[in-house]
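Below are my notes on this model, set out as numbered points. They start from one residue and then widen to the chain.

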Amino acid sequence: MKHYVRVIPHTVVQQEESVKEVPKGVELIQAPKIWDETKGKGIKVAVLDTGCDVNHPDLKERIIGGRNFTDDDKSNPEIYEDYNGHGTHVAGTIAAQENDAGVVGVAPEADLLIVKVLNRNGSGQYEWIIKGIHYAIDQGADIISMSLGGPVDVPELYKAVKAAVGENILVVCAAGNEGDGDDSTDEFAYPGCYNEVISVGAINLERDPSEFTNSHNEVDCVAPGEEILSTHLNGKYATLSGTSMAAPHVSGALALIKVYATQQFGRKLSEPELYAQLIKRTVPLGNSPKLEGNGLVYLTVPEHLAQIFTEKVKAAVMSAT
């Protein structure tokens, strides 16, 4: 029996012909404030999704290659064009480059490896995802970004994820959009609920938890996931909502963190060490850890300030109980 994975359900809020701005989500996690130090140059991010608009003016210089594992284009592995829009949007949030017009991603100098594992309908077989993960490993990806999920825990998928992490690849996944706003209930989507991945929930631009975001005890952090502006099909732009939009903020943030941390430590850091560097750059928002994990990714927060935030939240919780 074949099991299927889909793009994490998302909402298209608005489509636009042209724009010229830094998206609010990119600003909210403070990415522009550290671009003087790094823009992610030399970091390879594998985007496992519906492909990409490879000729989009904001993306074409960032794409270094890719592979198609789906049934689109008669399964031609060399054609990883996006006919859905989801993958193009995700790619733009990660690494859309700075132009005179358009948008800019969190890590505008990172490289994008386009791994098409979902077809034009936004659907894919677990086998395609697994092959895509192994391809990303073989291509030397630093980060794997997956805004997709399915209801079935397939052992081979879990094994592939662990293989990637074993190669010190950071695996970032959307937590899922089956949430009901109640942190006492758990909603699981795979691979987003595996302990080894960095599971990302969504907040809105006012820093409140999104009603749709999955809650469970494997959520690691949150990022903006509502009304997110990014690249879309045919060189255009769109505003979308979903945890699919939150995860690429974290993938881009990790590209910046990896460059910065490598410079600071004078060596390559392991996957657990890089994860720790990410968590140091989170701010608790006062919600249940099942909804926000360690909090909002906030790239400019010094470690001591993050500790102050944490202590204030703990004190507030204690006084409330």
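1. This is a predicted model. Ser 230 is a residue of strand β12, which covers residues 228–231.

2. Is Ser 230 buried or exposed? Its relative accessibility is 1%, and because buried means under 20%, Ser 230 counts as buried.

3. What does the side chain of Ser 230 reach? The partner is the backbone nitrogen of Thr 93, at 3.1 Å.

4. Leaving aside residues up to four places away in sequence, Ser 230 touches Thr 88, His 89, Gly 92 and Thr 93, and also Val 103, Tyr 237 and Ala 238. Thr 93 is thus on the list of touched residues and also supplies the backbone nitrogen reached by the Ser 230 side chain.

5. Thr 88, His 89, Gly 92 and Thr 93 are among the buried residues of α2. That helix spans residues 86–95, and ten of its ten residues are buried, so the rest of the structure largely encloses it. The other entries on the buried list include His 86, Gly 87, Val 90, Ala 91, Ile 94 and Ala 95.

6. For the chain overall, there are eight helices and 15 strands. The chain has 321 residues, and 58% of them count as buried.

7. Among contacts in the chain with a separation of 6 or more, 76% are between residues 24 or more positions apart. The contacts of Ser 230 with Thr 88 and His 89 can be read alongside that figure.

8. The chain has an accessible surface of about 13,100 Å². Carbon and sulfur atoms account for 47% of that surface.

Methods
Residues are numbered from 1 along each chain as its sequence is written. This is a predicted model: local features need pLDDT of at least 70, side-chain atom pairs count only at pLDDT 80 or more; totals for chains, interfaces and linings use all residues. Side-chain values use heavy atoms; hydrogens and water are left out. Helices (H or I, at least four residues) and strands (E, at least two) are DSSP runs, numbered from the N terminus. Buried means under 20% relative accessible area, exposed over 50%, partly exposed in between (1.4 Å probe, protein chains only). A polar contact is a pair of N or O atoms within 3.5 Å; within protein, one must be able to donate a hydrogen and the other to accept it, and residues adjacent in sequence count only if both atoms are side-chain atoms. Contact means heavy atoms within 4.5 Å. Accessible areas come from the Shrake-Rupley method with a 1.4 Å probe; for residues, only the protein chains shown count as cover.
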